Amino acid sequence: MPATAFNQRTIDEFNAKKGRGVGPWRDHLLLMTAKGARSGGEITTPLVYRRQGDEYVVVASKGGAPANPNWYRNVQVNPEVELEVAGIDGTERFRARARAVAEGPDRDRLYAYMTEVWPAFSDYAAKTPRTIPVVVLERLS
């Protein structure tokens with residue numbers, strides 16, 4: 001499934017800059033490739049992230065839209081994904097397992113943690129009736 005025009009431009013910039021200094025997200029952007037829940041095809045999505053130890057935390061915000069983004073459903077159905085993040089000498093690719101944190105104190109803590117890197121997440125939460133889920137991505141060995 002092809003990326004939206006906006007996502008494709010972001011992916012192209014990520015690749016051109018080897019994951020560094022991409023758009024307004026600077027060094028807090030990764031590319032996640034997941035298998036589509038319905039299509040079964042690979043779909044790459046640029047996501048704002050923050051490290052928590054060895055894990056990567058992302059937010060299923062969809063800019064505060066009333067529905068979750070498609071990628072969130074994809075990782076619920078197919079939790080094994082591929083991540084690409086900026087490394088020392090270019091980008092690094094590896095497999096990871098997605099774990100949704102949809103509610104509760106851990107979700108609230110992680111969401112607040114993510115607003116420190118991307119303050120707009122606070123605005124997104126204020127404008128949507130849903131509780132925006134957080135997803136933790138754990139590297140597979």
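**Exercise 1.** By class, how many nonpolar, polar and charged residues does the lining of the largest cavity have?

*Solution.* The model is predicted: local features need pLDDT of at least 70, side-chain atom pairs count only at pLDDT 80 or more, and totals for chains, interfaces and linings use all residues. Residues are numbered from 1 along each chain as its sequence is written, and side-chain values use heavy atoms, with hydrogens and water left out.

Step 1. On a 1 Å grid over the protein atoms alone, a cavity is a set of points where a 1.4 Å probe fits but cannot get out, and lining residues have an atom within 4 Å of a point. The search of the whole structure yields 1 cavity of 30 Å³ or more.

Step 2. Its lining consists of Leu-31, Thr-33, Thr-44, Glu-82, Leu-83, Glu-84 and Arg-93. Strand β4 gives the most, with 3 residues.

Step 3. Leu is among the nonpolar types, Glu and Arg are charged, and types outside the nonpolar and charged lists are polar. The lining therefore has 2 nonpolar, 2 polar and 3 charged residues.

**Exercise 2.** Determine whether Thr-10 is buried or exposed, and describe its surroundings.

*Solution.* Step 1. Thr-10 lies in helix α1.

Step 2. Buried means under 20% relative accessible area, and exposed over 50% (1.4 Å probe, protein chains only). Thr-10 has 5% relative accessibility, so this residue counts as buried.

Step 3. Not counting residues up to four places away in sequence, Thr-10 touches Val-22, Trp-25, Leu-29 and Pro-46 (contact: heavy atoms within 4.5 Å).

Step 4. A polar atom of the Thr-10 side chain lies 3.0 Å from the backbone oxygen of Phe-6.

Terms used: Helices (H or I, at least four residues) and strands (E, at least two) are DSSP runs, numbered from the N terminus. A polar contact is a pair of N or O atoms within 3.5 Å; within protein, one must be able to donate a hydrogen and the other to accept it, and residues adjacent in sequence count only if both atoms are side-chain atoms. On a 1 Å grid over the protein atoms alone, a cavity is a set of points where a 1.4 Å probe fits but cannot get out, and a pocket is an open set with protein on both sides within 12 Å along at least five of seven lines; lining residues have an atom within 4 Å of a point. Grid points are joined across faces, edges and corners, and a volume is the space filled by probe spheres set on the points.
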